[in-house]
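I'm opening a fresh page for this one. My plan is to poke around and jot down what I find as I go.

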Amino acid sequence: MTVEPIGVIRSEDLEQALSVDPRQYLMGNLQQPQVLKHLHSDDIEVGMVIYPHAAADEPHEHPQVHECQLVLEGRLKLLNLDTYEEVSLSKGDFYSVPSDTAHVQKAVAGTKVFFFKHPAMNDKTPVSYGADVETWLSDLEF
């Protein structure tokens, strides 16, 4: 029987990596290099993102991946592009986006989010959107 070692990423290593690139994966089966030496997993992706400035992500969906996030600091808004339901989130709030759900999020400066995705794969697929979503995305002062 092969025993796997306990994997550890030290807080100082994570903070240093985040200071270079504000999105770091702690665990997964990564295809792209990053600053932080991550733990390998074929089952789950885990990471952290810091928004140093107010920003909006590109509208997208994950055809196979279920995405979950915990807001550690700051505030963000999430818009379900299938239903146009808007959700406001702040420190301590947890949310889940099921696979095949078109969505977009925006965050105020200083927002810090811990995320995980199952299964571990990059299936992020951009989705088209209209002027109403463009207007929603442009309002970063919420």
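Where is Asp100 found? I looked that up before anything else: Asp100 is in the loop between strand 9 and strand 10, the latter covering residues 103-107. A reminder to myself: this is a predicted model.

**Entry: odd backbone spots**

I checked Asp100 because of its backbone angle; its relative accessible area is 48%, which makes it partly exposed. Its phi is positive, about 65°, although Asp100 is not a glycine. Tyr84 also turned up, with a positive phi of about 65° and again no glycine. I found Tyr84 in the loop between strand 7 and strand 8 (86-90). Tyr84 is partly exposed, with a relative accessible area of 46%.

Then I went through the peptide bonds. The one from His118 to Pro119 is cis, and its omega is near -5°. Pro119 belongs to the loop that runs between strand 11 and strand 12 (125-126).

**Entry: the overall build**

I wanted the big picture next. I noted two helices and twelve strands in the protein. Reading from the N terminus, I get α-β-β-β-β-β-β-β-β-β-β-β-β-α, so a helix sits at either end of the list of elements. The radius of gyration is 16 Å, close to the 14 Å from the globule rule for 142 residues, so the protein is as compact as a globular protein of that length. I also wrote down the span of the C-alpha trace along its principal axes, about 55 × 30 × 25 Å.

Some totals for the margin. Of the 142 residues, 38% are buried. The protein exposes about 8,300 Å², and 53% of that comes from carbon and sulfur atoms. For contacts with a separation of 6 or more, I see that 69% join residues 24 or more positions apart.

**Entry: the cores**

Which residues make up the largest nonpolar core? I count twelve in the list: Tyr25, Val49, Tyr51, Val71, Leu76, Leu78, Leu89, Tyr95, Val97, Ala107, Val113 and Phe115. Strand 3 (45-51), strand 7 (75-80), strand 9 (94-97) and strand 11 are the elements that give two or more residues to this core. Another core lies apart from it, with eight residues, including Val104, Val133, Trp136 and Leu137. My background note here is that nonpolar side chains tend to be buried together in soluble globular proteins.

I picked Tyr51 from the big core and listed its contacts, leaving out neighbours within four places in sequence. Tyr51 is in contact with Arg23, Asp57, Gln105, Ala107, Val108, Ala109, Gly110, Thr111 and Val113.

**Entry: two neighbours in strand 7**

Leu76 is in strand 7, and I found Lys77 there too. Is Leu76 buried or exposed? Leu76 is buried, with a relative accessible area of 1%. Lys77 comes out at 18% relative accessibility; the cut-off for buried is under 20%, so Lys77 counts as buried as well.

I set aside residues up to four places away in sequence and looked at what each one touches. Among the residues that Leu76 touches are Val71, Leu89, Tyr95, Ala107, Val113 and Phe142. Lys77 touches Glu86, Val87, Ser88, Val104, Gln105, Lys106, Trp136 and Phe142. I also took two C-alpha to C-alpha distances. Lys77 and Ser88 are eleven residues apart in sequence and 4.6 Å apart in space. Leu76 and Lys112 are 36 residues apart in sequence and 9.6 Å apart in space.

**Entry: rings**

How many aromatic pairs does the structure hold? I noted two. One of them is Tyr25 with Phe115, an edge-to-face pair at 5.3 Å centre to centre, with 80° between the planes. This pair links distant parts of the chain: Tyr25 is in strand 1 (residues 23-28), Phe115 is in strand 11 (residues 111-118), and 90 residues separate them. Tyr25 and Phe115 are both buried, and both are listed in the largest nonpolar core.

My final ring lookup was Trp136. Lys106 lies over the face of Trp136, at 4.1 Å from the ring centre. I had met both before, since Lys106 and Trp136 are among the residues that Lys77 touches.

Key:
Residues are numbered from 1 along each chain as its sequence is written. This is a predicted model: local features need pLDDT of at least 70, side-chain atom pairs count only at pLDDT 80 or more; totals for chains, interfaces and linings use all residues. Side-chain values use heavy atoms; hydrogens and water are left out. Rings of Phe, Tyr and Trp (its six-membered ring) pair if their centres lie within 6.5 Å; planes under 30 degrees apart count as stacked, over 60 as edge-to-face and the rest as tilted. Helices (H or I, at least four residues) and strands (E, at least two) are DSSP runs, numbered from the N terminus. Buried means under 20% relative accessible area, exposed over 50%, partly exposed in between (1.4 Å probe, protein chains only). A charge sits over a ring if NZ of Lys or CZ of Arg is within 6 Å of the ring centre and within 35 degrees of the ring normal. The radius of gyration is taken over C-alpha atoms; the globule rule is 2.2 Å times the number of residues to the power 0.38. Contact means heavy atoms within 4.5 Å. Accessible areas come from the Shrake-Rupley method with a 1.4 Å probe; for residues, only the protein chains shown count as cover. A nonpolar core is a set of buried Ala, Val, Leu, Ile, Met, Phe, Trp, Tyr and Cys residues joined through side-chain atoms within 4.5 Å.
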